[in-house]
Amino acid sequence: MRIGVVVNPIAGMGGRVGLKGTDGKVAEARERGAEPRAPERARRALERLAALAPDTELLTYADPMGESEVREAGFDPTVVGRPGDEETSVGDTQAAVEAFLDAGVDLVLFVGGDGTAADVAEVLDDADTDTPMLGVPAGVKVYSSVFGVSPEDAGEIAATFDRTERREVMDIDEDDYRAGEVHPELRGIAFVPVADDLQSSKQLGGGTVEALAAGVADSIEPGVTYVLGPGSTVGAVKDALGFEGSALGVDVWRDGEVLVRDATEQQILSNLGDRNVIVVTPIGGQGFVFGRGNPQLSPDVIRQCEVEVVASRAKLDDLGVLRVDTDDPDLDEELRGWTKVRVGRFERRMMEIV
């Protein structure tokens with residue numbers, strides 16, 4: 001099999017520094033101390049691919065768009081081109097995909113977020129090809145249903161798939177997202193490998209959660225620092241605590257005071273106390289507790305906190321299981337297993353994190 005690999009090196013950089021995306025914000029992300037996320041996630045996917053299918057022929061683009069990561073995984077790739085400038089662009093991603101199609105690849109494996117997925121899908125659509133695409137999730141939002149659940153899952157799917165199906169490529173306007181509004185837009189339909197470990201499209205679920213929020217408010221303890229994640233369910237908790245939180249950001253609260261609103265990873269770490277609790281809800285139809293939409297809740301933050309998961313009964317009925325993808329495989333493994341999820345003022349339900 002021949003696979004074309006392209007990495008968007010800036011994907012996801014804005015997440016931990018509180019920018020909720022990187023579109024048009026690369027310079028600001030770097031000023032805030034953001035570090036690249038995509039290269040390491042690319043390595044994880046490619047190492048899994050190498051373990052399962054070491055004889056796969058890989059094509060890639062020159063650094064920083066994949067060459068080093070492919071070689072570090074043990075492959076000897078064909079480099080089909082290089083980015084035009086030091087700062088990579090949409091044009092570079094699309095030129096890479098065009099070169100892969102010219103070379104007759106069986107799969108385009110990209111590392112990035114929804115914007116990268118839309119860029120790849122546009123080229124495939126223009127070429128009127130049934131060549132499939134598959135994403136290694138590295139963005140902040142990841143609304144599309146064309147990604148593996150984790151980098152390792154993407155590598156395994158790439159190594160083992162034997163059929164494809166058409167799936168949606170979604171994206172949202174990041175400026176609206178930063179303002180607390182979510183308006184997903186269908187950007188394309190693409191062929192994607194069929195596998196159990198593909199994430200589903202993200203839902204924008206509703207339902208009343210007042211009783212659940214009241215239960216969290218009732219259980220607040222003096223001196224404890226509460227790290228309140230994004231989403232409408234945790235938003236109801238913020239309302240119950242008496243403040244208007246950032247709808248899609250992370251807020252830090254202790255003893256009736258908002259310490260930081262829409263916090264970055266470093267701001268969260270700086271405001272943690274002796275005892276800390278993260279309150280988080282699974283993201284839509286994908287079921288991610290960590291790793292989608294809340295990269296500020298980094299492994300360093302999570303390791304210093306207790307975790308309380310909250311969700312409506314209807315959402316859990318739809319999900320079946322919960323998921324994590326923290327950028328730290330060891331932490332992911334620690335978090336996996338059965339956990340209690342608050343579904344009402346007093347009620348909890350056991351759910352498995354897989």
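**Exercise 1. Find how strand 4 (residues 107-112) is joined to strand 5, and place the two strands in their sheet.**

*Solution.* Start with the pair itself: 5 bridges connect strand 4, residues 107-112, with strand 5, and the two run parallel. Keep in mind as you look that this is a predicted model.

Next, pick out one position along the pair: G112 lies opposite P137 of strand 5.

Now step back to the sheet. It is an open sheet of 5 strands with parallel pairing, and the order is 3-2-1-4-5. Its edges are strand 3 (78-79) and strand 5 (133-137), each of which pairs on one side only.

**Exercise 2. Work out which strands helix 2 and helix 5 touch.**

*Solution.* Take helix 2 (residues 38-52) to begin with. Packed on the sheet, helix 2 touches strand 1 (2-7), strand 2 (57-60), strand 4 and strand 5. The directions of helix 2 and strand 1 make an angle of about 165°.

Then turn to helix 5 (residues 114-126), which also packs on the sheet and touches strand 4 and strand 5. Here the angle with the direction of strand 4 is about 155°.

**Exercise 3. Locate N294 and decide: is N294 buried or exposed?**

*Solution.* First, find the loop between strand 12 (288-290) and helix 11 (299-302); N294 sits there.

Second, check the relative accessible area of N294, which is 1%. Buried means under 20%, so N294 is buried.

Third, look at the surroundings. Leaving aside residues up to four places away in sequence, N294 touches P230, V280 and V289. Finally, follow the side chain of N294 to the backbone nitrogen of G291, which it reaches at 3.1 Å.

Technical notes. Residues are numbered from 1 along each chain as its sequence is written. This is a predicted model: local features need pLDDT of at least 70, side-chain atom pairs count only at pLDDT 80 or more; totals for chains, interfaces and linings use all residues. Side-chain values use heavy atoms; hydrogens and water are left out. Two strands pair if DSSP finds at least two bridges between them. Helices (H or I, at least four residues) and strands (E, at least two) are DSSP runs, numbered from the N terminus. Contact means heavy atoms within 4.5 Å. Axes are lines fitted to C-alpha atoms, for helices over the stretch in contact, and angles run from 0 to 180 degrees between N-to-C directions. Buried means under 20% relative accessible area, exposed over 50%, partly exposed in between (1.4 Å probe, protein chains only). A polar contact is a pair of N or O atoms within 3.5 Å; within protein, one must be able to donate a hydrogen and the other to accept it, and residues adjacent in sequence count only if both atoms are side-chain atoms.
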